[in-house]
Amino acid sequence: MTDAAKAATALKLGTRRSKLAMAQSGHVAEAVRQLTGRDVELVEITTYGDVSKEQLAQIGGTGVFVTALRDALLRGEVDFAVHSLKDLPTAQPEDLTLAAVPVREDPRDVLVARDGLTFAQLPEGARVGTGSPRRMAQLNAYARSHGMKIETVPIRGNIDTRVGYVRNGELDAVVLAAAGLRRIGRVDEVSEFLDPGVCLPAPGQGALAIECAATNADLAAVLAELDDPRTRFAVTAERALLAALEAGCSAPVGALADFLVDGQIVNEMRLRGVVGSTDGAELVQLSTTGPVPTSHHAAEALGRELASEMLAKGAAGLMGERAL
């Protein structure tokens, strides 16, 4: 194929249909256009997680938003796909390449509450909506330790649906990912950014994953230009922790790797992890710090090391879903 013919052939990008997925895929599509000079066409794909009305913990969580996109990649219906990295199972299929993990958006969770209340200001018995056992465990634990009484209510749905529960008075607050609200331009609706010390995010939260077929080495090399090594090392450590705990992405596990700065020099990476019972009665929360990783292996080692410490403290008994 000539260069002119290549430029005329649009690359097909597989994406979920939600407003958030379309927004984040649109950002990636524009970056790929800039890199390649080729048009990029968004191909909307419905996943099982999009159509099921069950709670994620009930349908397994792991891969429910990913499998249909990966199948389309392997069938050659799309050239590459964009996922929320936190939705990816921890084991990478051999026939697919994680070509790029771009610069991470804000990894924190946020509260959207009635009257702009912060979490500490919520009234006695406040109803707080979230579909995440991880968030339930940590919010209930925080409430217990601060003498608050809240009720965590399981919810599903897109951002509009979830925020709607607060706007119509059905719930006092909902907890969402900051990254999603930022990507669709609705961060002004946030009542409070939750400190990771209160609620550690899901492993990989705020990061995107760009995948293509392992056989498509030319495209993988182009997409790799969108990779941010620091983000990749951070999420690699977080996901290694999750994998070593043998937990799926609907298990009550939080993790965040961040970089510690001394003056202008980034000299260490800190990894924090948490596992808890959803009622917040039991929580295993630990952290470790090491040199900034210079390889995938080093980042994984940090995650596995923290996981083994958490398992020694009883983390295994607090996870609802165990990998088979």
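I take partly exposed to mean a relative accessible area between the buried limit, under 20%, and the exposed limit, over 50%. I note also that the model is predicted.

**Entry 1: L260**

I looked up L260 with that definition in hand and read a relative accessible area of 27%, so L260 is partly exposed. I located L260 in strand β11, residues 253-262. I then listed its contacts, leaving aside neighbours within four places in sequence, and found I265, V266, N267, E268, R270 and T289. I also checked the pair L260 and P291: they are 31 residues apart along the chain, and their C-alpha atoms are separated by 9.7 Å.

**Entry 2: D115**

I searched the backbone for D115 and recorded a positive phi of about 60 degrees, although D115 is not a glycine. I placed D115 in the loop between β5 (109-113) and β6 (126-129). Its relative accessible area is 66%, so I entered D115 as exposed.

**Entry 3: N140**

I asked whether N140 is buried or exposed. The relative accessible area is 9%, so N140 is buried. I found N140 in helix α6, which spans residues 133-145. Not counting residues up to four places away in sequence, I saw N140 touch I150, T152, T278, D279 and G280.

**Entry 4: α10 against α11**

I examined the packing of helix α10 (residues 229-244) and helix α11 (residues 296-312), and noted an angle of about 40 degrees with the axes 7 Å apart. I therefore describe α10 and α11 as oblique to each other. I recorded their crossing as right-handed. On the α10 side I listed F233, T236, A237, A240, L241 and A244; these meet H296, A299, E300, G303, R304, L306, A307, M310 and L311 in α11. I sorted the residues of this contact into ten nonpolar, three polar and two charged.

**Entry 5: nonpolar cores**

I asked which residues of the largest nonpolar core touch the most other members. Of its 20 residues, I found these to be L241, L245, V253, M269, L271, V275 and M310. I noted that α10, β11, β12 (265-276) and α11 each give two or more residues to this core. I followed L271 further: not counting residues up to four places away in sequence, L271 touches A237, E238, L256, A257, L286, S287, T288, L302, G303 and L306. I closed the entry with a second, separate core of 17 residues, which includes V82, A99, A100 and I210.

Technical notes: Residues numbered from 1 in each chain as written. Predicted model: local features only at pLDDT ≥ 70, side-chain atom pairs only at ≥ 80, totals over all residues. Heavy atoms only, no water. Helix = DSSP H or I, 4+ residues; strand = E, 2+ residues; numbered from the N terminus. Buried < 20%, exposed > 50% of the residue type's maximum accessible area, 1.4 Å probe, protein only. Contact = heavy atoms within 4.5 Å. Axes fitted to C-alpha atoms, helices over the stretch in contact; angles between N-to-C directions. Parallel < 35°, antiparallel > 145°, perpendicular 65-115°, else oblique. Left-handed = near helix turned anticlockwise from the far one by under 90°. Nonpolar A, V, L, I, M, F, W, Y, C, P; charged D, E, K, R; others polar. Core = buried A, V, L, I, M, F, W, Y, C linked by side-chain atoms within 4.5 Å.
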